Amino acid sequence: MNVEETYDIVIVGAGHAGCEAALAAARLGFETILFTVSMDSVALMPCNPNIGGSSKGHLVREIDALGGEMGKNIDKTYIQSKMLNVSKGPAVHSLRAQADKGEYTKQMRLTLQKEPRLTLRQGEVSELIYEAVDGTAGGSASEKSSVKVVGVKTFSGAIYHAKAVVLCTGVYLKAMCIYGDTITYTGPNGLMAANHLSDSMEAGGIPLRRFKTGTPPRLDGTTIDYSKMAEQKGDDRIQPFSFTNTEEDIKRDQISCWLTYTGEETHNIIKENIDRSPLFSGVIKGTGPRYCPSIEDKIMKFPDKDRHQLFVEPEGEFTTEMYLDGMSSSMPEDVQYRMVHSVPGLENAKIVRPAYAIEYDCISATDLKPSLEFKSVSGLFSAGQINGSSGYEEAGAQGLIAGINAARLLQGKEPVVLSRSDGYIGVLIDDLVTKETKEPYRMMTSRAEYRLLLRQDNADLRLTDIGHEVGLIDDARYEAFCKKREIINSEIERLKATMIGAAKENQEFLAKHNSSPIHTAVSLADIIRRPEFSYELITELDTERPELPLTREIIEQIDISIKYEGYIERQQRQVDHFLKMEGKRIPADIDYSLVKNLRIEARQKLEAVRPESIGQASRISGVSPADVNMLLLYLNM
């Protein structure tokens with residue numbers, strides 16, 4: 001006698017991907033159940049308790065613009081907020097906030113539990129239930145030409161029927177935590193691993209691989225000498241992540257972080273004990289992240305570098321535990337103590353939790369459609385670190401899209417697929433499903449070709465229409481957004497049309513601000529384009545400025561749109577060309593063996609990825625421009 005229940009959508013895993021997927025599905029009207037191996041792992045931050053950062057801040061603001069939850073949750077629970085890259089152009093400005101780790105989890109769990117149509121349940125999902133599309137039950141997906149997922153089974157034997165399933169298993173599939181000779185078969189922070197679902201996936205024809213990530217040691221803050229470190233304070237002016245919040249809504253006292261460095265002694269300790277590192281001894285088999293390497297990896301790969309930055313960051317307001325950002329490691333415990341004690345300010349520091357590496361099963365995202373649905377199993381979606389990505393923000397972005405598309409599948413609607421010109425989320429998913437990722441994927445601004453258009457400050461202008469059409473942005477929020485957009489556009493047009501001449505008072509104003517004089521009539525927009533001026537600074541010249549509800553965000557949009565107009569227009573022309581290639585659709589049933597003059601590698605890659613457009617085909621590694629031309633000729637495009 002086992003439990004048997006029916007839901008519309010099942011979400012497996014309640015990390016950052018699972019939370020966004022479950023909330024999206026439930027808010028779109030579907031009875032949804034979200035499984036977690038432990039209630040303590042809901043929206044857990046097992047690595048650095050921060051949200052945002054370079055390019056990742058863009059993802060969080062895009063999640064918010066589409067109607068997701070991550071931005072709102074970090075606004076409730078941050079303990080320090082900072083805008084990064086402010087000395088550079090607006091395309092790379094990125095918001096980062098240090099979170100209260102425990103409070104972030106609590107607030108997200110409360111949001112989930114208060115959501116109508118959403119059930120949060122502790123339990124290990126051990127099996128996917130497949131069915132042939134013709135309705136014949138039984139057998140594995142690999143034995144069928146076309147199958148769908150119709151539910152899941154838990155380790156206890158309970159069965160949950162569903163029309164769609166979203167896998168958001170993070171790093172829990174057959175997880176193994178390692179430091180030195182110590183190996184524990186657990187998930188992060190000693191939580192239970194998910195040891196059975198991998199077998200069911202492979203039985204269903206879904207190939208898996210092993211990736212690896214890691215964390216640094218956590219230290220007792222009362223044993224740290226902060227006088228030997230540089231204090232890192234938060235910004236005085238707070239920028240919320242969520243477009244629904246203002247600075248006044250969320251401003252609070254902030255907690256400092258601290259900067260210190262490794263030195264020659266640290267590096268010598270690591271080199272002397274490198275044979276004891278499971279990363280170098282061969283114990284660790286999984287592929288680790290290139291852009292977030294362990295400290296031993298850094299020392300061995302960059303032997304000429306005499307020091308590396310270490311940030312000492314609080315894990316929360318009500319704990320003395322500190323996160324040692326920059327010292328991710330899998331070294332033995334005794335070596336970790338020596339490494340830590342060799343750092344200025346940490347000479348007497350006590351380790352609360354040792355650093356460890358974690359290996360886990362994941363898929364190749366090239367097995368997914370751009371909607372994040374499996375090509376081989378209809379109704380089965382996948383999001384987050386199981387797709388070969390790393391980071392809370394990357395996971396949350398995928399989870400939101402997977403949850404939306406699971407709901408749209410049940411609605412009989414076309415999936416939401418963001419292009420590379422729509423947002424960083426589009427870049428992230430396109431890279432994952434198109435380019436074979438050999439290591440954990442991390443979002444970076446350099447991956448976005450159109451980053452001047454895809455700024456974090458205009459995420460709402462780019463994506464709120466989509467969020468409203470999908471149903472995650474309510475009418476009241478959408479109406480406020482439309483008013484904001486109207487003010488921005490009308491003010492920009494007014495500034496372009498308002499002319500000023502070479503009158504004495506105008507020349508004096510320009511001279512006062514060390515700006516060159518004008519010799520003929522120019523528009524106010526032309527004045528704003530000068531580097532020494534902004535919308536606010538030219539108020540004295542703008543004698544007919546209307547009374548408007550101008551927020552800081554509106555003024556920022558006016559300034560950026562005018563100052564960077566030429567660059568934005570040039571990038572928009574590039575986007576127009578890109579969209580033409582995206583519009584050239586490839587038939588789903590195309591037989592690539594019939595395309596003449598395709599190289600063998602290109603034919604194999606195209607067959608494996610099954611791109612949906614010529615644009616996507618052109619981004620596949622191993623497909624050359626000549627191959628794309630052969631494809632265009634074959635399709636008469």
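**A tour from helix 2 to the six-stranded sheet**

Start by selecting H58, L59, E62, I63 and L66 in helix 2, then add Y424, I425 and L428 in helix 12: these two groups meet. Keep in mind that this is a predicted model. By class, the contact of helix 2 with helix 12 splits into 6 nonpolar residues, 1 polar and 1 charged.

Now show both helices whole, residues 56–66 for helix 2 and 424–434 for helix 12; their axes come within 9 Å and cross at roughly 110 degrees. That makes helix 2 roughly perpendicular to helix 12.

Stay on helix 2 and bring up helix 11, residues 392–411. Here the axes come within 9 Å and cross at roughly 25 degrees, which makes helix 2 roughly parallel to helix 11. The crossing is left-handed. To see the contact, pick K56, L59, V60, I63 and L66 on helix 2, with E393, E394, G396, A397, L400 and I401 on helix 11. This set divides into 7 nonpolar, 1 polar and 3 charged residues.

Next stop: the sheet. Colour strands 16-17-18-19-15-20 in that order and you have an open sheet of 6 strands, paired antiparallel. Which strands stand at the edges? Select 230–232 (strand 16) and 351–353 (strand 20): each has a single partner strand, so one side of each is left without a neighbour in the sheet. Look along the sheet for the twist, which averages 35 degrees from one strand to the next.

Finish inside the sheet with strand 17 (257–261) and strand 18 (309–314), an antiparallel pair with 4 bridges. Click L259, then its bridge partner in strand 18, F311.

How values were computed. Residues are numbered from 1 along each chain as its sequence is written. This is a predicted model: local features need pLDDT of at least 70, side-chain atom pairs count only at pLDDT 80 or more; totals for chains, interfaces and linings use all residues. Side-chain values use heavy atoms; hydrogens and water are left out. Axes are lines fitted to C-alpha atoms, for helices over the stretch in contact, and angles run from 0 to 180 degrees between N-to-C directions. Angles under 35 degrees count as roughly parallel, over 145 as roughly antiparallel, 65 to 115 as roughly perpendicular and the rest as oblique. Contact means heavy atoms within 4.5 Å. Ala, Val, Leu, Ile, Met, Phe, Trp, Tyr, Cys and Pro count as nonpolar, Asp, Glu, Lys and Arg as charged, and the others, Gly among them, as polar. Two strands pair if DSSP finds at least two bridges between them. A crossing is left-handed if the near helix is turned anticlockwise from the far one by less than a right angle, and right-handed if clockwise.
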